[in-house]
Amino acid sequence: MVPSVGDVAPDLDLRNQDGERVRLSAFRGDRAVVVMFYPFAFSGICGGELCSIRDRLGDFSNDDVVTLAVSTDATPALKAWSEAEGFAFPLLADFWPHGEVARAYGVFNEAVGAAERGTFVIDIDGVVRYWVHNGLGEARDDEAYLDALRAIGAA
């Protein structure tokens, strides 16, 4: 079930590309969070989306907001992709139990075994203020969630 606008976002506790634990709840009271699910590391549309975040990192990772990119890839794959592309934001591995966090957010595709493109803007109180769900082959518009960040004063 997809969390709706106004719901408290499901917490997540995953490892980033460096093996460090990242908890959504750790940002509560401090910064807004963009949680963006994507299907696969080293893939075309996903690469384009994350490179867009990388190229505008100041908009998506600053004193007011952090962006967490989540896929079902294993941590070593995320490490290699992060290094190859110069991603300076957390890539989180929802690898095991496979897709558990993507399921909690309602964006896991059982047939493919990967997350679909779900984007959630969560305010500093941990409440979902915006979300959009795009299918596997549908690229996101990062301007839309940047507008959502502006609406909550986090951009």
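A residue is termed buried when its relative accessible area is under 20%, exposed when over 50%, and partly exposed in between, with a 1.4 Å probe and protein chains only. The model is predicted, so local features need pLDDT of at least 70 and side-chain atom pairs count only at pLDDT 80 or more, while totals for chains, interfaces and linings use all residues. Residues are numbered from 1 along each chain as its sequence is written, and side-chain values use heavy atoms, with hydrogens and water left out.

**Overall fold**

Five helices and nine strands are found in the protein chain; helices (H or I, at least four residues) and strands (E, at least two) are DSSP runs, numbered from the N terminus. Their order from the N terminus is β-β-β-α-α-β-α-β-α-β-β-β-β-α. The radius of gyration of the protein chain is 14 Å, which agrees with the value near 15 Å for a compact globule of 155 residues; this radius is taken over C-alpha atoms, and the globule rule is 2.2 Å times the number of residues to the power 0.38. Along the principal axes, the C-alpha atoms occupy a box of roughly 35 × 30 × 30 Å.

Of the 155 residues, 48% are buried. Contacts (heavy atoms within 4.5 Å) between residues at least 6 apart in sequence join, in 65% of cases, residues at least 24 apart. The accessible surface is about 6700 Å², with 51% belonging to carbon and sulfur atoms; areas come from the Shrake-Rupley method with a 1.4 Å probe, and for residues only the protein chains shown count as cover.

**Charges and salt bridges**

The protein chain carries 13 positive and 25 negative charges, whose mean positions are 3 Å apart. Lys and Arg count as positive and Asp and Glu as negative, without His and the chain ends; each charge is placed at NZ of Lys, CZ of Arg, CG of Asp or CD of Glu.

The whole structure holds 15 salt bridges, each a side-chain nitrogen of Lys or Arg within 4 Å of a carboxyl oxygen of Asp or Glu. Among them are these three:

| Salt bridge | Closest N and O atoms |
|---|---|
| Arg21 with Asp13 | 2.2 Å |
| Asp59 with Arg56 | 3.2 Å |
| Arg103 with Glu110 | 2.9 Å |

Glu110 counts as exposed because its relative accessibility is 53%, whereas its partner Arg103, at 35%, counts as partly exposed. Salt bridges that share partners also join Arg56, Asp59, Asp142 and Glu143 into one network. Within this network, Asp59 is partly exposed at 31%, and Arg56 is partly exposed at 24%. Arg21 is partly exposed at 46% relative accessibility, as is Asp13 at 35%.
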